[in-house]
Amino acid sequence: MILQETAQHIVDQTMDTIPYNINIMDEEGIIIASGKSERIGSFHERAYRVIKTGLTIETSQQEIENQGNIEPGISLPILFNARIIGSVGITGHPDEVRVFGELVKKTVELMLQQSILKDRLHFELFNKIQFLQEVLTGESPLSEELFAERSRQFRLSIEGNLLLVTARVADAFTQTVKKETYSTMSGSSFGNLIQPMRFANFGIHPSDINICFIGSYLTFMISLKDAKHQKNRRVHYRIAEILYEELTEKDFIRGAVCYSGICTKREQIPREYKRNIDLQRFSELHPSGKVVSMETHILDFIVSSIEADVGESLVASYCDGINQDEEYSLQLEDTLKSYYQHDMNITNTSKALFIHRNTLHFRLERIHILCGLNPKKFEDSVKLYLIQKYVALRTDTKS
């Protein structure tokens, strides 16, 4: 089947070089494209005979004289994959247009093949994009067998040990990044997006990297085939760090990049992808570096999952205790915060606060007396730390 839009484009292009009207007819002999728009939609008897016989037919001078409604010219069959799918006609005296006949036929067939191939590539790209999006979001209805078959069909490495790295694209570069992503997915090189050879030391081939764009989030799905890298989190961090360097160099992204745990099963992919998105949003509110993972913010996620009434109860007991010392409550809170920032090291905390060690011991003991929790004991210290985290998260959320 020849699409009318495609056929008309071919007619327009061909008539730019040939000074004669050209018609293209479909399998039923109906004119679907012409240099004379008024002829589109009409039946072309000579073309119909060409399609049925496969022969080139010229209109003789006698036929022109006997039938006034016939225009002189030549009609030739259009072949695609050794099958007649229509006809092309050149209007004019046969002696004048005969020399162009085979040339026009070959030109039309070649342009038609290119157009059909382009349409197929676009269709395949659309299906590939949709498939990857469904894989990430968990909306793919395919069975394991069909999933594996579709992966092979699109030449995707998304089985085995998969690392997901997600970044938020800067608004100003959304269209640029989307264009580069789709270009890569259609089989082109990574172009201006990233330099895949930087991952060669980890046994990662360009074909092991797949990219998916959903909303404002760009996700790299990286297949780790080298066993020694599959469970090495330092390697995973470095891979994410390289992507951060590549993307920020061009200002393509904003904020940090987030990397997942390793997905060894298909059903793990959407879960890890959702965690990456949650991490991305969380890191925007609470920046903590250029590369983040669940390990980076695990305490924050634990704290944020505390029920509001429980959290407020804990905060109330802590604040009520600290606030008993009206004059030094803020000083005690800052002391405790610095104490944790310096890994509960008395010497380093004292230096940071410009106070004597004994003064720090006194303040920590004062917190113990007021709150009933001893910062020098592990379990009590964990409780105090989580309470401080909860207060900080609640304050950031409200602001």
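Helices (H or I, at least four residues) and strands (E, at least two) are taken here as DSSP runs, numbered from the N terminus. This is a predicted model, in which local features need pLDDT of at least 70 and side-chain atom pairs count only at pLDDT 80 or more, while totals for chains, interfaces and linings use all residues. Residues are numbered from 1 along each chain as its sequence is written, and side-chain values use heavy atoms, with hydrogens and water left out.

**Exercise 1.** Describe the overall make-up and extent of the protein.

*Solution.* Begin with secondary structure: the protein has 15 helices and ten strands. Next, consider the radius of gyration, taken over C-alpha atoms, with 2.2 Å times the number of residues to the power 0.38 as the globule rule; the protein has 35 Å, whereas a compact globule of 399 residues would have a value near 21 Å. Along the principal axes, the C-alpha atoms fill a box of roughly 120 × 45 × 40 Å. Finally, turn to burial (buried means under 20% relative accessible area, exposed over 50%, partly exposed in between, with a 1.4 Å probe and protein chains only): buried residues make up 44% of the 399 residues.

**Exercise 2.** Characterise the pair formed by phenylalanine 131 and phenylalanine 154 and place both residues in the fold.

*Solution.* Rings of Phe, Tyr and Trp (its six-membered ring) pair if their centres lie within 6.5 Å, and planes under 30 degrees apart count as stacked, over 60 as edge-to-face and the rest as tilted. The structure holds eight aromatic pairs. One of them joins phenylalanine 131 and phenylalanine 154, with 5.9 Å centre to centre and 45° between the planes, and is tilted. Because phenylalanine 131 lies in helix α4 (residues 94–137) and phenylalanine 154 in the loop between α5 (144–153) and β6 (162–169), the pair ties together parts that are 23 residues apart in sequence. Phenylalanine 131 counts as buried at 2% relative accessibility, and phenylalanine 154 is buried with a relative accessible area of 2%.

**Exercise 3.** Work through the pair of tyrosine 340 and tyrosine 385 in the same way.

*Solution.* Tyrosine 340 and tyrosine 385 stand 5.3 Å apart, centre to centre, with 80° between the planes, which makes the pair edge-to-face. Tyrosine 340 belongs to helix α12 (residues 329–341) and tyrosine 385 to helix α15 (residues 378–398), so the pair ties together parts that are 45 residues apart in sequence. As for accessibility, tyrosine 340 counts as buried at 11%, whereas tyrosine 385, at 28%, counts as partly exposed.
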